[in-house]
Amino acid sequence: MNRVDYLRISLVDRCNFRCQYCMPDEAELKFLAQTEVLTTEELLHLLQEVLIPVGFTRFRLTGGEPLLHPGVVEIVQAIAELPQVEDLSLTTNGYLLPKLAEKLYAAGLRRINISLDSLIPTTFDQIVGRRGRWQQVWQGIQAAHRVGFDPLKLNVVVIPGVNDQEITDLAALSLDRNWHIRFIEFMPIGNADLFGQRGWIPSEQLRQQIRDRWGLTSGQVQGNGPAEVFQIPGAQGTVGFISQMSECFCDRCNRMRLSADGWLRPCLLNETGQLDLKTSLRAGVPTADLRDRVRELLLLKPEINYKGRDSGTGEAAYVRTMSQIGG
Ligand code: SAM
Ligand code: SF4
């Protein structure tokens, strides 16, 4: 059985962007009240007393936009200092990195993923649903590069007719910098209408564009995810492909997700089995009992993994968006 030791922790469900594919402006999302969000103490308590003891050792902080959490630097530092932690990384839209990159690095973070869906500022604005943001995100990426994050990965969600003209331009960022570009197949989660209108492009088509231009060999980069990694010959960085639509990697799934309001969820694609750790913690349930419940969930995970996939379109009934679950 696959070892499940990787936890994606959503620090907040809010965001300063409104990406079309994630939380479009018109979606009327309801955000959590402050009292519903795990406090920093509760989060660290759950990690130390429940989640690390049952076997989680690798963590990614995400959201929503995790850099909006006022305690993000403290949280990074506290997790990085725990002796059992083998890996800590963070996924961000990069907008707040110009002011936070150095502090996060000093707190012990070494690996970062930054979303960058376009190199064209107007296309970028259209995707993120906010005006004039590209420049500051680009500065954030430069700041992360300068302070030494390694690997530094750039996530690209490919939307047909919106940014698919830029595949080779984005891949070219890996040529003379040690940057790792990861192309993600668009999923019908967050904005099923846009998915219905635009569809998605299989990774193999993207790979072919890159192969036609430069050739491609297999590559390697540190990570916990299902990305298939390649390298343009002679490039410093790599190009990776996350193909959750064209390829089912549920049987290799090594992760669970903890939402900002404390739900531990075994599968991105369905809600089966999820545990409300925050309510139990606040109700005074002993941590030994919480550990037992999580252990039971770990045993159930292999059969829960497949429930959200349907006949191949991936159009399961998603009740929460990526930003709410912890993408
Ligand atoms: N706000 C941060 C960011 O954008 O990087 C972290 C949270 S975001 C939900 C995490 C990742 O999920 C991003 O790389 C984003 O592009 C991806 N994502 C969100 N909605 C998606 C969708 N419908 N299909 C594929 N990827 C999606
Ligand atoms: Fe915000 Fe990230 Fe979702 Fe974009 S993908 S709306 S940046 S949480």
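**Exercise 1.** Across which strands does helix α1 (residues 40–51) lie, and at about what angle does helix α1 run to β1?

*Solution.* The coordinates to be inspected belong to a predicted model. In this model, helix α1 lies across β1 (6–12), β2 (58–63), β10 (255–258) and β11 (263–265). Its direction is then compared with that of β1, to which the helix runs at about 165°.

**Exercise 2.** Determine the strand order of the open sheet of twelve strands, and identify its edge strands.

*Solution.* Reading across the open sheet gives the order β7-β8-β9-β6-β5-β4-β3-β2-β1-β10-β11-β12, and the pairing is mixed. The edge strands are β7 (217–218) and β12 (275–276), each of which pairs on one side only.

**Exercise 3.** Describe the pairing of strand β9 (residues 238–242) with β6 and with β8, and continue from β6 to β5.

*Solution.* Start with strand β6 (residues 179–185), which pairs with β9 in the parallel sense over five bridges; here His 180 stands opposite Thr 238 of β9. Next take strand β8 (residues 228–231), which runs antiparallel to β9 and is joined to it by three bridges, with Phe 241 in β9 as the bridge partner of Glu 228. β8 and β9 form a hairpin with six residues between them, and Gly 234 in the turn has a positive phi of about 85°. Finally, strand β5 (residues 152–158) pairs with β6 in the parallel sense over seven bridges, and Leu 152 has Trp 179 in β6 as its bridge partner.

**Exercise 4.** Which residues of β9 point one way, which point the other way, and are they buried or exposed?

*Solution.* Thr 238, Gly 240 and Ile 242 point one way from β9, whereas Val 239 and Phe 241 point the other way. The residues of both groups are buried, in agreement with the count for the strand, in which five of five residues are buried.

**Exercise 5.** Place Tyr 105 in its surroundings and classify its exposure.

*Solution.* Tyr 105 is located in helix α3 (residues 97–106). Because its relative accessibility is 24%, Tyr 105 counts as partly exposed. Leaving aside residues up to four places away in sequence, Tyr 105 touches Arg 110, Val 147, Gly 148 and Phe 149. The C-alpha atoms of Tyr 105 and Ala 144 are separated by 8.6 Å, although these residues lie 39 residues apart along the chain.

**Exercise 6.** Assess the confidence of the model over the protein and over residues 310–319.

*Solution.* The protein has a mean pLDDT of 92, with 94% of its residues at 70 or more. Over residues 310–319, however, pLDDT stays under 50, and the model has 16 contacts beyond four places in sequence for this stretch. Where pLDDT is low, predicted coordinates should not be read in detail.

Notes
Residues numbered from 1 in each chain as written. Chains lettered and ligands numbered in written order. Predicted model: local features only at pLDDT ≥ 70, side-chain atom pairs only at ≥ 80, totals over all residues. Heavy atoms only, no water. Helix = DSSP H or I, 4+ residues; strand = E, 2+ residues; numbered from the N terminus. Buried < 20%, exposed > 50% of the residue type's maximum accessible area, 1.4 Å probe, protein only. Contact = heavy atoms within 4.5 Å. pLDDT = per-residue confidence, 0-100. Pairing = 2+ DSSP bridges. Axes fitted to C-alpha atoms, helices over the stretch in contact; angles between N-to-C directions.
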